[in-house]
Amino acid sequence: CDFQMQVPFPFSVLCLQVIKCKAAVMWEANKPFSIEEVEVAPPKAHEIRIKIVATGICRSDDHVITGSLVMPFPIILGHEAAGVVESVGEGVTSMKPGDKVIPLFVPQCGECSTCLSTKANLCSKNDLGSATGLMPDGTTRFTCKGKAVHHFIGTSTFTEYTVVHESAVAKIDSAAPLEKVCLIGCGFSTGYGAVVQTARVEPGSTCAVFGLGGVGLSVVMGCKAAGASRIIAIDINSDKFAKAKELGATDCVNPKDFKKPIHEVLIEMTGHGVDYSFEVIGRTETMTAALASCQYNYGVSVIVGVPPASQKITFDPMLLFTGRTWKGSVFGGWKSKDSVPKLVADYMKKKFVLDPLITDTLPLSKINEGFDLLRTGK
């Protein structure tokens, strides 16, 4: 271009380019990830392009692969991560290149009725329900082999670079270890928050935790932090009991060791049922079992695991009529942009640990091995 401009010196023009990088692309359901070279477009207005440093594998990603969570294909999954801002689009003033950040699968626009409410956190700008797989403007920033590739719930972190909307990213402490605090992007915050934010467990309470994956163990940690006097950890894989006890569980129960329903076992163990139960698996059978295991009049049961698509729950309404409360919890009830930096700060102050939740560290090229470890409970 040949042009003249009268501006204060110095003057610079920032020209953002398409980035070519590696990503794990899911072309269709029930197939392995394919490591591909993808093109990542520059961020548009109010968008941020992030270099992903570390990302966690979550059961919710696997739900898309198996079809339990319906999303459009091809798609780049991943939603629990931490990285560094590479570039920002027009109008972004809250962060700059070089800032450490955590993408947020639950955004916080600050304008919708949910964001303005003190009682809720599921911003209406989320892509959980509609599952468009697109940015807010209805387009994608990913291309592979000439084909458009969908985003996953506004984050898409199984890639070396991603683009997110400004409302879906939180700036964090520059000293935070990204390979640890990436878990605050989903697993830890979801489980811990289900206890301290959604259920608001009181000191001296009895709690039951169904499922001892990373999120379930975070629930155990939350129950301990809340001062629960008894924390009953439940899983069909007894190999997980040692770590559950390390993190605060007082009892561990394997349903396979009993001939009677698990809720009857818990009622016998406690005399009247638990004060709080948490379903952290995503199965309708365990959701109703968790509800039935609560004290019949004032017990509270929280659904934390992602419900499978197209499945319905049939249960005896007397379970609720007598006074029990059944609740759901997305991202632990936290308002994401406000809370994630504070949770990172708490981690830096050693108010909780994250290392026990990390079992393996793999390169992106071995992502399929990572999912095999997830599915085998390892």
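User: Which residues of H4 meet H5?
Analyst: Gly 187, Phe 188, Thr 190, Gly 191, Tyr 192, Val 195 and Val 196 in H4 meet Val 215, Ser 218, Val 219, Met 221, Gly 222, Cys 223 and Ala 225 in H5. Contact here means heavy atoms within 4.5 Å. The model is predicted: local features need pLDDT of at least 70, side-chain atom pairs count only at pLDDT 80 or more, and totals for chains, interfaces and linings use all residues. Residues are numbered from 1 along each chain as its sequence is written, and side-chain values use heavy atoms, leaving out hydrogens and water.

User: How do those contact residues divide into nonpolar, polar and charged?
Analyst: Nine are nonpolar, five polar and no charged. Ala, Val, Leu, Ile, Met, Phe, Trp, Tyr, Cys and Pro count as nonpolar, Asp, Glu, Lys and Arg as charged, and the others, Gly among them, as polar.

User: And at what angle do the axes of H4 and H5 cross?
Analyst: Roughly 40°, with the axes coming within 7 Å. That makes H4 oblique to H5 (neither under 35 degrees, over 145, nor 65 to 115). Axes are lines fitted to C-alpha atoms, for helices over the stretch in contact, and angles run from 0 to 180 degrees between N-to-C directions.

User: Switching to the sheet, what's the strand order?
Analyst: E12-E11-E10-E13-E14-E15, an open sheet of six strands with parallel pairing. Strands pair if DSSP finds at least two bridges between them. Helices (H or I, at least four residues) and strands (E, at least two) are DSSP runs, numbered from the N terminus.

User: Which strands are at the edges?
Analyst: E12 (251–253) and E15 (325–328), each pairing on one side only.

User: Which strands does H8 touch?
Analyst: Helix H8 (residues 284–292) touches E10, E13, E14 and E15.
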